[in-house]
There are 2 protein chains.
Amino acid sequence: MSSTHTHSKKSQSLTKNQRIVLDLLQNSGEPLKAYFILDSLKKEGLNSPLQVYRALDKLVELGKIHKIESINSFIICNNSNCAKNTAFTICERCGKVKEIKNRDLTGGVSDLVKDNQLEITRYNLEFYVLCKSCKIN
Amino acid sequence: MSSTHTHSKKSQSLTKNQRIVLDLLQNSGEPLKAYFILDSLKKEGLNSPLQVYRALDKLVELGKIHKIESINSFIICNNSNCAKNTAFTICERCGKVKEIKNRDLTGGVSDLVKDNQLEITRYNLEFYVLCKSCKIN
DNA sequence: TCACATATGTAATAATATAACACTTAGAGG
DNA sequence: CCTCTAAGTGTTATATTATTACATATGTGA
Ligand SMILES: [Zn+2]
Ligand SMILES: [Zn+2]
Ligand SMILES: [Zn+2]
Ligand SMILES: [Zn+2]
């Protein structure tokens with residue numbers, strides 16, 4: 001602790017707004033919409049959309065959450081090392097979302113990339129499915 | 001013409017609004033935003049967002065155009081038999097969009113699906129890239 | 001002709017997201 | 001400790017994207 005090296009606070013330091021938004025997404029585990037987050041965190045002191053969007057932007061940038069583009073929603077990252085890549089299944093019927101494990105995906109995507117000679121900087125994959133419980137009913 | 005069989009008008013019959021929206025997207029070849037389409041077609045008689053969105057919805061349903069979710073834009077389908085599946089590359093830098101040929105993709109995606117034991121009803125794939133001209137500069 | 005499904009026109013409003021600006025805080029470095 | 005700077009905050013206003021509601025019209029098939 002008392003050594004001279006700077007120890008730069010870097011990664012662990014989320015701000016208050018970032019923290020409470022992250023906690024909400026963490027506790028929810030489901031995709032949430034920005035304005036729902038705003039409403040939920042009014043009591044924590046969030047008053048304007050911009051406060052929410054700024055926190056969300058930062059958390060996306062840090063790879064701690066993802067945006068699911070086709071439903072304008074945000075969800076906690078359930079993997080490690082996604083960077084800004086996203087891959088989800090979304091149930092057509094009930095809307096349930098699951099993040100695809102990136103170890104399951106890496107091979108498949110890189111084959112895709114190789115086959116198409118793409119130089120991909122990041123990707124966004126949304127697979128619409130019928131989830132188990134919806135398939136039964 | 002005068003025979004008794006119904007010859008059901010089915011596929012070729014787009015309505016006026018659907019036709020002019022499709023033509024615009026066809027002639028453009030680029031992704032266009034709904035309100036840009038509205039502005040462009042004011043002179044053709046389109047007056048309200050709803051007229052545009054209704055035409056777009058129908059054309060998406062018919063598979064003639066696609067929505068690119070992460071940029072809220074619509075583009076003419078450049079394949080056949082996409083159904084409602086979409087796969088695009090999007091340049092990070094200049095925004096240029098290209099549809100990935102589905103013959104290039106089918107294998108890769110079905111491997112992905114097999115590996116992940118998914119029962120996919122449709123997919124939405126967005127690959128961010130650096131396009132050739134952006135890579136040079 | 002009648003019924004029905006589909007499309008239209010129009011106004012209002014909802015939902016999602018950003019711009020602009022003044023101010024504050026936290027950390028780096030002297 | 002002081003000062004500089006980058007990042008974050010709070011707030012108001014506004015832009016962008018999309019849908020609801022409702023009355024009317026049009027085409028097709030029986
Ligand atoms: Zn993730
Ligand atoms: Zn389901
Ligand atoms: Zn297509
Ligand atoms: Zn480019």
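The following exercises, each with a worked solution, concern a predicted model of protein chains with DNA strand C and a zinc ion (ligand 3).

**Exercise 1. Describe the protein surface near DNA strand C by residue, class and element.**

Step 1. Eighteen residues need to be considered here: of the 18 around DNA strand C, those that come nearest are A:Leu50, A:Lys67, B:Thr15, B:Gln51 and B:Arg54.

Step 2. Sorted by class, this surface holds eight polar, six charged and four nonpolar residues.

Step 3. Turn to the DNA side. Sugar or phosphate supplies 45% of the atoms of DNA strand C within 4 Å of the protein, and bases supply the rest.

**Exercise 2. Identify side chains that approach a phosphate oxygen of DNA strand C, and state the elements that contribute to the surface near this strand.**

Step 1. In chain B, an N or O atom in the side chain of B:Gln51 is 2.4 Å from a phosphate oxygen of the strand.

Step 2. In chain A, a polar side-chain atom of A:Lys33 lies 2.7 Å from a phosphate oxygen, and for A:Asn72 the corresponding distance is 3.5 Å. A polar contact requires N or O atoms within 3.5 Å.

Step 3. Two or more residues of the surface near DNA strand C come from each of helix H3 (49-61) of chain A, helix H1 (16-28) of chain B and helix H3 (49-61) of chain B. H3(B) gives the largest share, four residues.

**Exercise 3. Determine the donors and geometry of the zinc ion (ligand 3), and explain which parts of chain B the pair B:Cys82 and B:Glu99 ties together.**

Step 1. List the donors: B:His66 through NE2, B:Cys77 and B:Cys82 through SG, and B:Glu99 through OE, at 2.0 to 2.3 Å.

Step 2. Examine the angles. Among the four donor atoms they span 96 to 134°, and the site is tetrahedral. The criterion is that all angles lie between 85 and 135 degrees. For reference, the ideal angle for four tetrahedral donors is 109.5 degrees.

Step 3. Along the chain, the donors have the spacing H-x10-C-x4-C-x16-E. B:Cys82 belongs to the loop between strand S2 (73-76) and strand S3 (86-91) of chain B, whereas B:Glu99 is in strand S4 (residues 97-99); the pair therefore ties together parts 17 residues apart in sequence. Both B:Cys82 and B:Glu99 are buried.

**Exercise 4. Summarise the fold of chain A.**

Step 1. Chain A has five helices and five strands, in the order α-α-α-β-β-β-β-α-β-α from the N terminus.

Step 2. Of its 137 residues, 40% are buried.

Step 3. Among contacts in chain A with a separation of 6 or more, 49% join residues 24 or more positions apart.

Notes:
Residues are numbered from 1 along each chain as its sequence is written. Chains are lettered from A and ligands numbered from 1 in the order in which they are written. This is a predicted model: local features need pLDDT of at least 70, side-chain atom pairs count only at pLDDT 80 or more; totals for chains, interfaces and linings use all residues. Side-chain values use heavy atoms; hydrogens and water are left out. A residue is near a molecule or strand if one of its heavy atoms lies within 4 Å of it. A polar contact is a pair of N or O atoms within 3.5 Å; within protein, one must be able to donate a hydrogen and the other to accept it, and residues adjacent in sequence count only if both atoms are side-chain atoms. Ala, Val, Leu, Ile, Met, Phe, Trp, Tyr, Cys and Pro count as nonpolar, Asp, Glu, Lys and Arg as charged, and the others, Gly among them, as polar. Donors are N, O and S atoms within 2.8 Å of the metal (3.2 Å for Na, K and Ca); water is not among the atoms, so sites may look incomplete. Four donors count as tetrahedral if all angles lie between 85 and 135 degrees; four count as square planar and six as octahedral if opposite donors are over 155 degrees apart and all others between 65 and 115; anything else is irregular. Buried means under 20% relative accessible area, exposed over 50%, partly exposed in between (1.4 Å probe, protein chains only). Contact means heavy atoms within 4.5 Å.
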